[in-house]
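Q: Got a model to go through with you. Can we take it piece by piece?

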Amino acid sequence: MTDITDRYTFDEEDVVVTHEKSYAAGVPAVLVSLKRGLEQMGPVRTARTLMKLNQRQGFDCPGCAWPETPGHRKHAEFCENGAKAVAEEATTRTVTPEFFAEHSVADLLGRTEFWLGQQGRLTHPMVLLPGATHYEPIGWDAAFALIAGELRGLASPDEAVFYTSGRTSNEAAFLYQLMIRAFGTNNLPDCSNMCHESSGSALVETIGIGKGSVSVPDIENADLILIAGQNPGTNHPRMLSTLEKAKGNGATVIAINPLPEAGLLRFKDPQKVHGVVGDGVQIADEFLQIRIGGDQALFQGLGRLLLEAEDAAPGTVLDREFIDRHTAGFEECAAHLRRVDLGTVVQATGLTLDQIRATADALIGSKKTIICWAMGLTQQTHGVATIQDAVNLLLLQGMIGKPGAGVCPVRGHSNVQGDRTMGIWEKMPESFLTALDTEFGIRSPRKHGFDAVDSIRAMRDGKASVFIGMGGNFVSATPDTETTEAALRRCALTVQVSTKLNRSHLVTGQSALILPSLGRTDKDVQAGRKQQVSVEDSMSMVHLSRGSLPPASDQLRSEVAIVCGIALALFGPEHSVPWAEFTADYDRIRDSIARVIPGFEDFNRKVRRPDGFGLPHPPRDERRFVTNTGKANFTVSELSWLPVPEGKLILQTMRSHDQYNTTIYGLDDRYRGVKGGRRVLFISAEDLESFGYAAGDRVDLISEWTTADGSVEERRAEDFRLVPYPTPVGNVAAYYPETNPLIPLDHVARKSNTPVSKAVTIRLQRRG
């Protein structure tokens, strides 16, 4: 253990800053992938796992949810960060009971997330008893009995909170929500609440389904692709291969982002000659360096320009047949867009009018347009409205429900979309609850439950006292770190189902459990038979995932077995749900899913097809819109944007290239030129000069939040190094979770309640 401890400690004084890269992937990506694999797994295990990653008879990547091209999988169907994710999970390092005997909770709380994650796979169920300083081993039956006893002792089922991470399989997620609803609550916060909840809220209202409407072939054959608030090179690098194909087919790509992202500038595919010895492929034809929060203004300005172009040449720009037949609210939306002031659009976006007009011309010239986005749009106060204004643009030209066109919210986590399909949502519709009740003879509660933000509020206010997390790292994924940690410490019991150690295991209730689970790479054998689980990718394709590695310990249990074990302890063996049978045979789970969830009929047969099967999507498949009007809805939203207050800056939080969500793979952000540390603030050279700082100066970040009563709250994150970077004046960026303490719990998006992590007002304070 000593050697690992020594190797994964670091001093932020040793940070080295070079220059940002102008391309993504290439030979360095291959070398980094191999290096991380060899460090964590050794040569044989590295080869064995990577060659099965995202293959038909292999396992689904535990990283992002980008799909494969149907029928055209490569021999190496993974990216650098996918390889890092596998190395993290398939590591030969282990965290045993002896580790916990050596390290107190207080000791571990002083370690970084990076250090914690590098210790290895959890091997045994562990318990932290009231007043104890160290975790100690506990048997599975005793752990399940402890959970069941706490749950049964609550005055109301609504006093328990059940969190879900996006890596949970369809089968485990379905059983998890079934157990929770059979218990009597809809308190089902999940990681979607922190990322794409704004997308779902916007799309359900406008097109009737909260999922993207395009496939990989659609992107490959589009004329025009707008990519807004998204960094494919780090967050879903396999998307770059799809964009390369689109470029080869003649597509124009416009990148809209405050920061120049290497992957959107140029892509070097290491599996092709030009990606090794050549210059690769330029991805973005245009880079619109927009100010933080200016996307809605851009979309509304583009809408006005499309209407003006139609006025000048009637019948050449808008798809009036589509509008008249398939949409509602056009006249109101058009009247609103005509009133948009282009001067305000220029001010809000930081773009020139020529850039905006050129983008409008690209839209006018395109017959097949796709708009892609991620957290840069969703994690804004006006995130829902921004996405709806993007949908308005597509509806004006009939770009929903036609090949090569549509909406593409790019989900991050591997099965986050599948979890929602399986019922992980605090507001599932009546049709789902009725079908669930009919299948299992239960009575699901109808009252809406808590999402992530409301769960923190409930624990903070003493309205919830049991927290169970199915995967993930709730403490580091959520905003307002001090408030979140205090809320969890008020609980009577906190439970974490996990593969690796993280900070959420150390911020505990009076009692705490760590329940170690199998990962995607692990072989899952139940009742003598190897089991397989299913996942849904970003484009509604469902396929099987089959782990093959021997588990790190014979004490590990699958998420399915853990959920069923808790349920049996909670409800007893005579319960109407056959929990023991579900544990023994996952086909039984899929048979029930087939009877409950539309689109999963004949689930077990369809999912065994070589590439799985696609779920129905009425707008895409039939141009049918299941909305309140029966049509696609144009919307009217007040224009919102973010003026920079005098003497302040607007901060966006983001990932390093060496992390995935809250998992820190390493301390290098190769694409942004930072090596050896994470507490850096990317700031324009103009702001450095105007604020009187120099590159390398150390500052504290202080966020300012005006509460409902008009008072100003301040939050602090200490000791960040200033790094000059090409970002708009007044806009800065830094990594999370280091900056999560700056985000107020009440700073949320309208309608979706998503934390606004991409628009935090801060000031800088020089360190003494």
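A: Sure. Just after H13, Gly250 takes a positive phi of about 100°. Helices (H or I, at least four residues) and strands (E, at least two) are DSSP runs, numbered from the N terminus.

Q: What kind of model is this, and how are residues numbered?
A: This is a predicted model: local features need pLDDT of at least 70, side-chain atom pairs count only at pLDDT 80 or more, and totals for chains, interfaces and linings use all residues. Residues are numbered from 1 along each chain as its sequence is written, and side-chain values use heavy atoms, with hydrogens and water left out.

Q: Back to H13. How many of its residues are buried?
A: Eight of the 10 residues in H13 (residues 239–248) are buried, so the helix is largely enclosed by the rest of the structure. Buried means under 20% relative accessible area, exposed over 50%, partly exposed in between (1.4 Å probe, protein chains only).

Q: Which ones?
A: Met239, Leu240, Ser241, Thr242, Leu243, Glu244, Ala246 and Lys247.

Q: New topic. Where is Leu188?
A: Leu188 is in the loop between helix H9 (170–183) and helix H10 (197–207).

Q: Buried or exposed?
A: Leu188 counts as buried because its relative accessibility is 0%.

Q: What does Leu188 contact?
A: Leaving aside neighbours within four places in sequence, Leu188 is in contact with Phe162, Gln177, Ile180, Arg181, Gly423, Ile424, Trp425, Glu426 and Phe450. Contact means heavy atoms within 4.5 Å.

Q: And Gln659, where does that one sit?
A: In strand S26 (residues 659–660). Gln659 has 0% relative accessibility, so it counts as buried.

Q: Which backbone atoms does the Gln659 side chain reach?
A: The side chain of Gln659 reaches the backbone nitrogen of Ser656 at 2.9 Å. A polar atom of that side chain also lies 3.2 Å from the backbone oxygen of Tyr736. A polar contact is a pair of N or O atoms within 3.5 Å; within protein, one must be able to donate a hydrogen and the other to accept it, and residues adjacent in sequence count only if both atoms are side-chain atoms.

Q: Last one: in what order do the barrel strands close?
A: Six strands close into a barrel in the order S25-S33-S30-S32-S31-S34, with mixed pairing. Two strands pair if DSSP finds at least two bridges between them.

Q: How many bridges join S31 to S32?
A: Eight, between S31 (residues 698–706) and S32 (residues 712–724), which run antiparallel. Arg698 stands opposite Arg721 in S32.
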